[in-house]
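Reader: I have a model open and want to read its helices and strands. Where do we start?

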Amino acid sequence: MKRRLSIPSHLTYLYDVERFIQSFLADAGFPEALFGSVILSVCESVNNAISHGNGHDINKLVEIRIECDRRSISIEIEDEGVGFDVHEVPDPTETHNIKNERGRGIFIIKNLADNVTFENNGSLVKIKFELSREHQLLL
């Protein structure tokens, strides 16, 4: 099962992204108890793509692609920006960064998902959730 959604780079479209992901997960039979981790990870990544990748340029798009099989859910979020070096993002758990209001999105995504990779200089984020045996889908 696969779906895709393209949105303009404006934060008002985050609600559409949340509904899109929620609908996909429900249609795939994904356990509701796990919806939150997937939705939060995707919305954090889309927020980063809109704000940092595309610089809130309404003429640039963010594309969300999602697919699943019985054992995993994979999501790709791609923006039209120039990218970034993920290794340059400060660790929000370090003492001198604790009070920073920015820089927590990637940390959150990495801690919720089973696998997160950055490609195309960071303008493409791939997020994967593995399903435990008891949560595998009946596709």
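**Reading the helices and a strand residue**

Author: Start with packing around helix 2. The model is predicted. The buried residues of helix 2 are covered by elements including strand 1 (2-8), helix 1 (14-28), strand 2, strand 3 (72-78), helix 3 and strand 5.

Reader: Which residues of helix 2 are buried?

Author: Phe35, Val38, Ile39, Ser41, Val42, Cys43, Glu44, Ser45, Val46, Ala49, Ile50 and Ser51.

Reader: How far does helix 2 reach from its first C-alpha to its last?

Author: Compare the span with the expected rise of 1.5 Å a residue. Helix 2 has 19 residues and spans 25 Å, close to the expected 27 Å. Just after helix 2, Gly55 has a positive phi of about 60°.

Reader: Which residues of helix 3 are buried?

Author: In helix 3 (residues 105-112), they are Gly105, Ile106 and Ile109. Look down the helix axis: these buried residues fall within an arc of 95°, so they line one face of helix 3. They pack against helix 2 (35-53), strand 4 (115-119) and strand 5 (124-130).

Reader: Now a single residue. Is Ile64 buried or exposed?

Author: Check relative accessibility; under 20% means buried. Ile64 is at 0%, so Ile64 counts as buried. Its place is in strand 2 (residues 61-68).

Reader: What is Ile64 in contact with, leaving aside neighbours within four places in sequence?

Author: Among its contacts are Leu5, Ile7, Phe20, Ile21 and Ile77. Val42 and Val46 are also in contact with Ile64, and both are buried residues of helix 2. Val17 is another contact. The C-alpha atoms of Ile64 and Val17 are separated by 8.2 Å, though the two residues are 47 residues apart along the chain.

Technical notes. Residues numbered from 1 in each chain as written. Predicted model: local features only at pLDDT ≥ 70, side-chain atom pairs only at ≥ 80, totals over all residues. Heavy atoms only, no water. Buried < 20%, exposed > 50% of the residue type's maximum accessible area, 1.4 Å probe, protein only. Helix = DSSP H or I, 4+ residues; strand = E, 2+ residues; numbered from the N terminus. Arc of directions from axis to C-beta. Contact = heavy atoms within 4.5 Å. Expected span 1.5 Å × (residues − 1).
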